[in-house]
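Reader: I am in my first year and still learning how to read a structure like this one. Could you take one part of it and go through it slowly with me?

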Amino acid sequence: MRGKLSVAFVGEEGIDAGGVSREWYQVMAREIFNPNLALFVSVPDGGTTFQPNPNSVVQSDTGVSHLEFFKFVGRLVGKALYDGQIMDAYFTRSFYKHMLGQPLTYEDIEAVDPEYYKNLKWMLENDITDVLDLTFTAESDFFGKTEIVELVPGGREVKVTEANKHEYVNLIARHRMTTSIKAQIQAFLEGFWQLVPRELVCIFNDHELELLLSGLPDIELADLRANTEYTG
């Protein structure tokens, strides 16, 4: 899988001197985020960054486990990184940290749901006694069907208080970014680390990994003009 990739599009003639491979990676990047595949969802809703869809199991209706798709996507992203190819794909900050095997904090949920992050931050900075009526549970939505997930054993009966609110914030953030999509993350990483071993990629931080995989999301024209020499 680490060999040289040579791409030829059906019905198109030409030698792959690098440009065809770049186009192939771009096409594949767009396809893995195709809403019809239901593998990834944009976060915040309608945003430009992506993380695994907790309801991706619907893709298994095709006869292939949705986790096999995630393993393939992991290999694809790993191959792009190994080949030095830029993909038109921007993941959430928390997902880059998963690729690196780095621990997450509740602050990472800001990139997933900014409003929810503000609510959690407010909880930590203010006394919630007799203000909030919460338990150690989370709601999950499976195509209109709401299910209650306990964050701790017996979580339905455990009230969130001023004394345990920090534990609640950490658990609910972990649920949104990790626990609810744990199987998808593990399948992706199994494929990704096959191409790029964890001990090698872990030298980067999440911002550096994003730059290596996706490049800069915006081009600074003034900087481009100042550092570009055009001849011919």
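Author: What follows is a close look at one helix, the loop after it, and then a pocket and a hairpin elsewhere in the chain. Please keep in mind throughout that this is a predicted model.

Let us begin with helix H3, which runs over residues 93-100 and is mostly covered, since eight of its eight residues are buried. Those buried residues are Arg93, Ser94, Phe95, Tyr96, Lys97, His98, Met99 and Leu100, and you will notice that the list includes Arg93 and Lys97, which belong to the charged class. What do the buried residues of H3 pack against? Their partners are strand S2 (49-52) together with four helices, namely H5 (165-177), H6 (182-195), H7 (198-201) and H8 (206-214). Just after H3 comes glycine 101, which takes a positive phi of about 70°.

Further on, in the loop between H3 and helix H4 (114-125), you will find tyrosine 106. Is tyrosine 106 buried or exposed? Its relative accessibility is 14%, and because the cut-off for a buried residue is under 20%, tyrosine 106 counts as buried. Leaving aside residues up to four places away in sequence, tyrosine 106 touches Tyr117, Leu120, Lys121, Leu124, Val169, Asn170 and Ala173. For one of these, leucine 120, there is also a distance to consider: leucine 120 and tyrosine 106 are 14 residues apart along the chain, and their C-alpha atoms are separated by 8.4 Å.

Helix H5, which H3 packs against, leads us to the largest pocket, whose volume is about 680 Å³. The elements that give two or more residues to the lining of this pocket are strand S1 (40-43), S2, S3, S4 and H5. The lining comprises 23 residues, and Asn53, Pro54, Asn55, Asp141 and Ser180 are those that lie nearest the centre of the pocket. By character, the lining divides into nine nonpolar, eight polar and six charged residues, and its largest share, four residues, comes from S3.

That brings us to S3 itself, which covers residues 137-142 and pairs in the antiparallel sense with S4, residues 145-150, over six bridges. Within this pairing, phenylalanine 142 stands opposite lysine 145 in S4. The hairpin of S3 and S4 has two residues between the strands, and there phenylalanine 143 takes a positive phi near 50°.

How values were computed
Residues numbered from 1 in each chain as written. Predicted model: local features only at pLDDT ≥ 70, side-chain atom pairs only at ≥ 80, totals over all residues. Heavy atoms only, no water. Pairing = 2+ DSSP bridges. Buried < 20%, exposed > 50% of the residue type's maximum accessible area, 1.4 Å probe, protein only. Contact = heavy atoms within 4.5 Å. 1 Å grid on protein atoms, 1.4 Å probe; cavity = no way out; pocket = protein on both sides within 12 Å on 5 of 7 lines; lining within 4 Å. Points joined across faces, edges and corners; volume = space filled by probe spheres on them.
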